Amino acid sequence: MGSSTESRSRMGSIKPMGIQLIECVRGGPLSFRSSQALVLVLTFLSYASYHATRKTTSIVKSVLDPKTTNLGLLHWPSHMYLQELKGAANNTALQSGWAPFNGEDGTGLLGEIDLAFLGVYAIGMFFAGHLGDRVDLRILLTIGMVGTGLFTAAFGAGYWLNIHSFYYFLGVQMIAGLFQSSGWPSVVAVVGNWFGKSKRGLIMGIWNAHTSVGNISGSLIAAAMLKFGWSWSFAVPGAMIALVGLAVFLFLPVDPEVIGVEQDRHVKDYEKNGTDVPLLEGHSSGRDEAVGFIQAWKIPGVAPFALCLFFCKLVAYTFLYWLPFYLSHTEIGGEYLSDSAAGILSTLFDVGGVVGGILAGHISDRLDARALTAATFTFSAIPALFFYRIYGSISLTWNVALMFVTGVLVNGPYALITTAVSADLGTHSSLNGNSRALATVTAIIDGTGSIGAAVGPLLTGYISAKSWSGVFTMLMASALVAGLLLSRLVVAEITAKMAASQRPVDSAGDLPVSSLEVP
């Protein structure tokens, strides 16, 4: 552990001031379990606040461009999807809005801002992960959160400063996307440093609920602030993420070494009790250098899981951005839901996603097979998508039930791959104990997935103009491809398990990481 400790010291990872204060008050160091709990709480709040700031834009868009309401995150020119307005409620008098978004091309301008944000976010993810394995993750995460807060508030400041330049809002969102890209690689790397593999899937599945918590809280806060002016819908979430970022700076221990945990003693205790062994086990090679970008791509399993996530996030983000619009424009039980009712109903998809993440994590822990679990969920999502499209319009009860099941099966593998799988691969056996690949691997996998997250809603905007059945066909095809991309890894996992069952004295070892050594 000596070389690793020296390396991290050179990177500037020191005990946070808040931890020092707590230890001073307690008269002793924090226990390992207490430190783990602190890490879970801080990283949960951290990424929930990231999603809260990301969600505000979709709430405010109906104010900036009153002609369009409840279109999700990505908006497209109305002639692409509104073939026929259903009822006078959709033809309310146009409000003043905010230039330049209240003009005829306002919807397109909002779409360009969203695409720019997602594009910079996806590209920045790769660089942020590469940087995260080379600097103090606590500092990187703090800078990302404070920067996100400043530029989220800066978007709202356009109201106070009476700014009507499209390029101002475009530039602010692009910079915000760049700061946001530092969040996911950092939080996954920190959690991966503190939790061993045996129960990591379940723990990260529960922890991954921060996405839904952030989406819901961001929507509620932004909507509540609208009565004071749309600028406050950005300023308040921006201030909140900056405050959480300050808490991260003061209290977040990025790994056990930083706070001086007696790692060897804990490893022995965990092994004795048959529970989970922390990742940083002290069998580091003579050097602990950060892994290069190309080297990380070559880790067995990284490329297929990254490409699989491209299609998983394509499906998941299409639902995230377009489900409220789909619900309000689809006859359910002979009636059309209002925009507000559709928005509330769509949150059940997120609820299903929370359950799916926890379930996928728990099953993958029990089976010790990440690829098999992810592929099973992905293939099962295909009939779920089909039944939701065909039978979801029968009644509200059918819609709710099928939406929930679809959320479970769509978000389950998405959550599993972005959390437990990324952490597994970031500590692959081929790295010889080098723990400094977590952020890079996480960035590669989720960065590739984020490109799919932009592509899905974009294609939906065009395809839905002709047929929603076409959209669901695209989603089912994407789920099929996602599952097929994992087929070799699934075969490798099953083969490894069969071989292990024939040699019970041999340890199953690093499954599923070791089983990713496919020929």
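Helix 14 is the biggest giver to the lining of the largest cavity, with 5 residues. Keep in mind that this is a predicted model. Helix 14 spans 339–367, and it has company: helix 9 (210–225), helix 13 (302–328) and helix 16 (396–425) also each bring at least two residues to that lining.

So what does the cavity itself look like in numbers? The space inside comes to about 210 Å³. Its lining is made of 18 residues, and the closest to the centre are Thr211, Ser212, Asp350, Asn411 and Tyr414. Sort the lining by class and you get 8 nonpolar residues, 9 polar ones and 1 charged one. If you're wondering how a space like this gets found, rolling a probe the size of a water molecule over the atoms shows where emptiness is left. Searching the whole structure that way turns up 8 cavities of 30 Å³ or more.

Now hop back along the chain to helix 2, residues 17–26. Which of its residues are buried? They are Gly18, Ile19 and Glu23. These three sit on the same side of helix 2, because they cover an arc of only 135° around the axis. The general rule behind such patterns is that an α-helix has 3.6 residues a turn, so residues three or four places apart point the same way. Look at the other side of helix 2 and you'll meet the exposed residues Met17, Leu21, Cys24 and Val25.

One last stop comes right after helix 2: the residue that follows is Gly27, and its phi is positive, near 80°.

Note on methods. Residues numbered from 1 in each chain as written. Predicted model: local features only at pLDDT ≥ 70, side-chain atom pairs only at ≥ 80, totals over all residues. Heavy atoms only, no water. 1 Å grid on protein atoms, 1.4 Å probe; cavity = no way out; pocket = protein on both sides within 12 Å on 5 of 7 lines; lining within 4 Å. Points joined across faces, edges and corners; volume = space filled by probe spheres on them. Helix = DSSP H or I, 4+ residues; strand = E, 2+ residues; numbered from the N terminus. Nonpolar A, V, L, I, M, F, W, Y, C, P; charged D, E, K, R; others polar. Buried < 20%, exposed > 50% of the residue type's maximum accessible area, 1.4 Å probe, protein only. Arc of directions from axis to C-beta.
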